[in-house]
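These are my notebook entries on a ligand and the protein residues around it. I set down what I looked up, in order.

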Amino acid sequence: MSILTAIDLNKTYGKGLSTVKALTDINLSFEKGRFTSIIGPSGSGKSTLLHCIAGLDSITNGKVLLNDKDISKLSEDELSKLRREKFGFIFQSFNLIPVVNVYENIVLPVNIDNKKVDKKYINNLISILGLKDKVDKFPNELSGGQQQRVAIARALANKPEIIFADEPTGNLDTKTTYEVMDLLKKCVNEFGQTLIMITHNNEIAAMADKVITIKDGKAS
Ligand code: ADP
Ligand code: ADP
C-alpha cells in the first residue's frame, strides 16, 4: 500500500530570469512500512525532493498525496502540525539540544505537543538503540555515532508514520555508519515505520527495499 505519492511533481526555484528547475515531472510512490533510498549525484535534486514530499518546501506544480490526501495545498501552519504529528526527521548534523540530557532530547518532540510520553515505547527505543547507559549524559559527552542514535530515537519518539532522513550517516566513519544503519533498520522493522532516506553511498542505498535514482531533477 502506498503511503506517500508524488504526482507530476515539479519544483522551480526563483523567479524571472534566474530560475533553477530542480525537479521535473516526478511520479513516485512510497510503500507503507518499507525503506526507500534516494540516490544520485550532488545537485541532482535529492534534498529538494525530500523537502517537497515532507512538506518542508512548497512545490511549483503537481500533487503530494499522504494516504490519498493532497498535502501540497496545506497552509504553513497545517504543514507544521502535520510534520510534528506524522513525520520524523533525521539530518546529517544531529541537531541535538546541548543544554538538556539525552533523555530530554529524545522526548522533546512528544513534550512539545503535550502528549503523554509512552514510557514503555521510549524505553524500548532507548534499549534497541543501545543508549540505556547514556540517558543522563549531555550531547557533548557522546561520540558522533551515539549522537546520531539519539537523533534517531528523537525522530521516532512521537511514533511517526514516515521518517525522512537526509544523509544521516554523512558525518560518520564507515564502521559507525553501518552500526547506525543497522539500528535504524531494526527500529523501522520493529515498529513497522516507513523510511525514506537520501544517501550518496551506493552500499548504504542497497540496504533499502527500493532504490530511487535522481538525475538532473528526474527520477528513475
Ligand atoms: P542534491 O540534494 O541532490 O545535492 P538539491 O536538491 O540540493 O540537490 O539541489 C538541486 C538543484 O536545485 C541544484 O541545482 C541546486 O543548486 C538548486 N537549489 C537547491 N536549493 C535551492 C534554493 N534554495 N534556491 C535556489 N536553487 C536551489
Ligand atoms: P514549527 O514551524 O512549528 O516551529 P518546524 O517547521 O520548525 O515547526 O519543525 C517541524 C519539523 O520539521 C521538525 O521536526 C523539524 O526538524 C523539521 N524541519 C523544519 N525546518 C527544516 C528544514 N529547513 N530542513 C529540514 N527539516 C526541517
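Entry 1. I looked up which residues surround ligand 1 in this predicted model. I noted Y13, V20, A22 and P41, and then the run S42, G43, S44, G45, K46, S47 and T48.

Entry 2. I sorted this shell by residue class. I recorded four nonpolar residues, six polar residues and one charged residue around ligand 1.

Entry 3. Which elements each supply at least two residues of the shell? I found two entries to write down: strand β2, covering residues 20-31, and helix α1, covering residues 46-53. Of the contributors, α1 gives the most, with three residues.

Entry 4. I then turned to the polar contacts of ligand 1. At Y13, an N or O atom of the side chain lies 3.5 Å from a nitrogen atom of the ligand. At S44, a polar backbone atom is 3.1 Å from an oxygen atom of ligand 1. At S47, the partner is again a polar backbone atom, and the distance to a ligand oxygen is 2.8 Å.

Entry 5. How much of ligand 1 does the protein bury? I noted that the ligand, taken alone, exposes 560 Å², and that the protein buries 57% of that area.

Entry 6. Finally, I consulted the UniProt record. An unreviewed entry there places the feature "domain: ABC transporter" at residues 4-220. Over residues 4-220, I recorded 35% helix and 27% strand. The C-alpha atoms at the two ends of this stretch are 17 Å apart.

How values were computed:
Residues numbered from 1 in each chain as written. Chains lettered and ligands numbered in written order. Predicted model: local features only at pLDDT ≥ 70, side-chain atom pairs only at ≥ 80, totals over all residues. Heavy atoms only, no water. Near = heavy atom within 4 Å. Polar contact = N/O pair within 3.5 Å; in protein donor to acceptor, adjacent residues only side chain to side chain. Areas by Shrake-Rupley, 256 points an atom, 1.4 Å probe, with all protein chains shown as cover. Helix = DSSP H or I, 4+ residues; strand = E, 2+ residues; numbered from the N terminus. Nonpolar A, V, L, I, M, F, W, Y, C, P; charged D, E, K, R; others polar. UniProt positions renumbered as here; feature names shortened; annotations may be inferred.
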